[in-house]
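Please look through the sequence and the model shown here before reading on. The paragraphs that follow move from the whole chain to one helix and then to single residues.

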Amino acid sequence: MNKKVAVILAGSGVYDGSELHEAVITLLNIDRQGAEYQCFAPDMDQHHVINHITGEEMNERRNVLIESARIARGDIKPVRELKAADYDALILPGGFGAAKNLSDFAFSGAELRVQIGVSNAAKDFKQAGKPIGLMCIAPALAGRIFGEGVRATIGTDQETASTLEATGVRHVNCEVSDIVVDEEHKLVTTPAYMSAQKISEAADGIEKLVKKVLEMA
């Protein structure tokens, strides 16, 4: 039977949701590895809406689940329905939505809180001993999911790394094309667009992350 991977999205667009390249490359590599995926997202208003041309905030409201459905081609479920028993692994792409919608890391830093549905799902995978992959800024959630001492990377940005370490994460510097594996916690992380200057650079690390997560599943 094919392995099944749950993918949690945070909206649609790098500045206020999931980073689209990271999300699509993740889904592509899951499929290419012969596994299946199901997308999930919180059914809630996203923190704000950003004009991706100007970078300015727009005076409108959008729903994280509905926006994420654009990436999933409509095949998406509310994250509250996600149970680790139904899947072999969990992956979270990055983008500012991971730090604004899936958590409040963008505003609270080391005092972050993880959205309750995402927190419950991720901790369910942790308790079940099933692997989790986090990319880009999503490793900011690692300390809240796994607790003190978990190893993870966001690349080489020392200011962000220091903030992660204040949450209990043992940060490991990592090149964009590589991954950091915490075998004890079954966590795989990669910098993706925290470091990538072009899509091919992000793709290399994401491919390695997906392969390793599936090997551990």
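How much accessible surface does the protein chain have, and what percentage of it belongs to carbon and sulfur atoms? In this predicted model, the accessible surface of the protein chain comes to about 9800 Å², and carbon and sulfur atoms account for 44% of that area. Beneath that surface, buried residues make up 54% of the 217 residues in the chain.

The protein chain holds 8 helices and 11 strands. Its radius of gyration is 15 Å, close to the 17 Å that the globule rule gives for 217 residues, so the chain is as compact as a globular protein of that length. Along its principal axes, the C-alpha trace spans about 45 × 40 × 35 Å. The contact pattern of the chain can be described in terms of sequence separation: among contacts between residues at least 6 apart in sequence, 67% join residues at least 24 apart. As for charge, the chain carries 23 positive and 31 negative side chains, and the centres of these two sets lie 5 Å apart.

Among the helices, α5 can be followed in some detail. Helix α5 comprises the 12 residues from 116 to 127, which at 1.5 Å a residue should span 16 Å, and the end C-alpha atoms are indeed 16 Å apart, in agreement with that expectation. The buried residues of α5 are G117, V118, S119, A121, A122 and F125. An α-helix has 3.6 residues a turn, so residues three or four places apart point the same way. What covers the buried residues of α5 includes three strands, β1 (4–8), β6 (89–92) and β7 (132–135), together with helix α6 (142–146).

Strand β1, which is part of that cover, contains V5. With a relative accessible area of 1%, V5 falls under the 20% cut-off and is therefore buried. Although V5 and D88 are 83 residues apart in sequence, their C-alpha atoms are 5.8 Å apart in space. Not counting residues up to four places away in sequence, V5 touches I30, E36, Y37, Q38, Y87, A89, I91 and L214.

The loop between β1 and α1 (20–32) contains Y15. The relative accessible area of Y15 is 38%, and because this lies between 20% and 50%, the residue counts as partly exposed. Y15 and F96 are 81 residues apart along the chain, yet their C-alpha atoms are separated by 5.1 Å. F96 is also one of the contacts of Y15, which, once neighbours within four places in sequence are left aside, are H48, I50, H52, F96 and K100.

Two loop residues deserve a look for their backbone angles. K186, in the loop between β10 (180–182) and β11 (187–190), has a phi near 55°, a positive value in a residue other than glycine. A192, in the loop between β11 and α8 (199–216), likewise has a positive phi, of about 50°, although it is not a glycine. Are these two residues buried or partly exposed? K186 is partly exposed, with a relative accessible area of 29%, whereas A192 is buried, with a relative accessible area of 0%.

Note on methods
Residues numbered from 1 in each chain as written. Predicted model: local features only at pLDDT ≥ 70, side-chain atom pairs only at ≥ 80, totals over all residues. Heavy atoms only, no water. Helix = DSSP H or I, 4+ residues; strand = E, 2+ residues; numbered from the N terminus. Rg over C-alpha atoms; globule rule 2.2 N^0.38 Å. Buried < 20%, exposed > 50% of the residue type's maximum accessible area, 1.4 Å probe, protein only. Contact = heavy atoms within 4.5 Å. Areas by Shrake-Rupley, 256 points an atom, 1.4 Å probe, with all protein chains shown as cover. Lys, Arg positive; Asp, Glu negative; His and termini not counted. Charge placed at Lys NZ, Arg CZ, Asp CG, Glu CD. Expected span 1.5 Å × (residues − 1).
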